[in-house]
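Reader: I should like to learn how sheets, cysteines and pockets are read from a set of coordinates. Please take each feature in turn.

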Amino acid sequence: MSERKVLNKYYPPDFDPSKIPRMKLAKNRQYTVRLMAPFNMRCVTCGEYIYKGKKFNARKEDVENETYLGIRIYRFYIKCTRCLQEISFKTDPRNTDYEIEAGATRNFMALKLAEEQAKKEEDELREEEANNPMKLLENRTQQSRNEIELLESLEELKDLNRRQQSVDYEQMLQQFDTTETAREREERLARLDEEYIKTVSFGGSSNTKVVAEEEVVETIDLAKKSLVKTSETAKIETKTPENRLKMLNLIRRKETTVSKGSEVKKFTPASGLSLLSTYSDSDSYSD
């Protein structure tokens with residue numbers, strides 16, 4: 001079976017290529033190419049919208065007597081999909097874009113127009129500064145003022161960051177921690193109370209502790225004696241005035257202050273009453 005698309009053709013031995021006549025083509029002839037619309041456009045004749053990316057069979061040609069920095073510029077011809085009106089546009093290597101020529105108007109050019117306007121204003125400002133020295137001085141003064149304001153705002157932000165670093169967020173979170181149960185809270189408060197009592201009651205020196213213990217023992221004995229309500233106690237109350245005077249002297253002696261080092265503590269018989277509330281009344285007073 002023969003090959004459908006022949007790649008190698010037969011050339012006879014007496015073949016002379018110089019005898020083949022050359023085709024005379026136009027210098028700027030048009031080529032048919034397949035392309036997509038480079039931008040959104042609208043037909044002027046029928047108002048049909050042609051969106052960017054729509055494919056066309058276009059005719060391409062070189063633009064005569066027009067180049068940009070040695071780059072050749074091409075022109076394309078397409079037809080409207082509705083009314084078959086011819087639309088032409090060409091390349092714009094200066095702006096890396098395409099330029100519409102005839103048959104349609106370009107849509108959605110807001111970004112391009114904004115860029116062109118900004119560039120135009122920049123060129124005008126530069127030209128004005130070059131021709132007017134006072135305007136240049138004013139612009140530099142305004143620029144230096146803006147830089148000073150930026151530095152001041154930066155310093156304020158740094159000060160604010162330093163203040164925030166001094167705050168202990170962990171302590172704040174522990175203070176407002178709601179995960180602690182009521183029982184744990186009570187245990188923690190009881191522990192703190194015990195530590196505080198230890199630091200207050202036994203925070204002095206060893207001599208102060210010994211003196212405190214001795215005075216507590218004496219206070220307990222005196223309170224025990226004063227709490228007993230027996231018959232002997234009744235007899236003591238009916239004894240001579242000498243025994244009453246002796247009891248009063250004993251009570252006054254216990255009310256005196258005891259000082260060791262820099263601490264001064266006062267003990268009275270009434271302070272031991274609470275400690276002996278559970279004692280029995282069977283103990284008797286011995287004179």
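Author: The dialogue below goes through the sheets, then the cysteines, then one pocket. This is a predicted model, in which local features need pLDDT of at least 70, side-chain atom pairs count only at pLDDT 80 or more, and totals for chains, interfaces and linings use all residues. Residues are numbered from 1 along each chain as its sequence is written, and side-chain values use heavy atoms, with hydrogens and water left out.

Reader: What is the strand order of the open sheet of 5 strands?

Author: Strands of a sheet pair through backbone hydrogen bonds, either parallel or antiparallel. Here strands are DSSP runs (E, at least two residues; helices are H or I, at least four), numbered from the N terminus, and two strands pair if DSSP finds at least two bridges between them. In this sheet the order is β1-β4-β5-β6-β7, and the pairing is antiparallel. Its edge strands, each paired on one side only, are β1 (31-36) and β7 (97-102). From one strand to the next, the twist averages 40 degrees; axes are lines fitted to C-alpha atoms (for helices over the stretch in contact), and angles run from 0 to 180 degrees between N-to-C directions.

Reader: How many bridges join β5 to β6, and which residues stand opposite each other?

Author: The antiparallel strands β5 (residues 71-79) and β6 (residues 86-92) are joined by 5 bridges. Lys79 stands opposite Glu86 in β6, and Phe76 stands opposite Phe89 in β6. The hairpin of these two strands has 6 residues between them, and Leu84 there takes a positive phi near 60 degrees.

Reader: Which contacts does β6 make with β7, and is β6 largely enclosed or open?

Author: β6 and β7 also pair in the antiparallel sense, over 5 bridges. Ser88 stands opposite Ala102 in β7. Their hairpin has 4 residues between the strands, and Thr96 in the turn has a positive phi of about 55 degrees. Because 6 of the 7 residues of β6 are buried, β6 is largely enclosed by the rest of the structure; buried means under 20% relative accessible area, exposed over 50%, and partly exposed in between (1.4 Å probe, protein chains only).

Reader: What is the order in the open sheet of 3 strands?

Author: That order is β3-β2-β8, with antiparallel pairing. The edge strands, each pairing on one side only, are β3 (49-50) and β8 (104-106). Strand β2 (residues 41-43) pairs with β8 over 3 bridges, and Met41 has Arg106 in β8 as its bridge partner.

Reader: Why is Cys46 not bonded to Cys83?

Author: A disulfide is a covalent bond between the sulfur atoms of two cysteines. The criterion is a pair of cysteine sulfur atoms within 2.5 Å, and by this rule the count is 0 disulfides. The closest cysteine sulfur to that of Cys46 is in Cys83, at 3.5 Å, so the two are too far apart for a bond. Cys46 counts as partly exposed because its relative accessibility is 25%, and Cys83 counts as partly exposed at 30%.

Reader: Which residues line the second largest pocket?

Author: The lining consists of Arg94, Asn95, Lys112, Glu115, Glu116 and Lys119. By class it has no nonpolar, 1 polar and 5 charged residues; Asp, Glu, Lys and Arg count as charged, Ala, Val, Leu, Ile, Met, Phe, Trp, Tyr, Cys and Pro as nonpolar, and the others, Gly among them, as polar. A pocket is an open set of points on a 1 Å grid over the protein atoms alone, where a 1.4 Å probe fits, with protein on both sides within 12 Å along at least five of seven lines; lining residues have an atom within 4 Å of a point.
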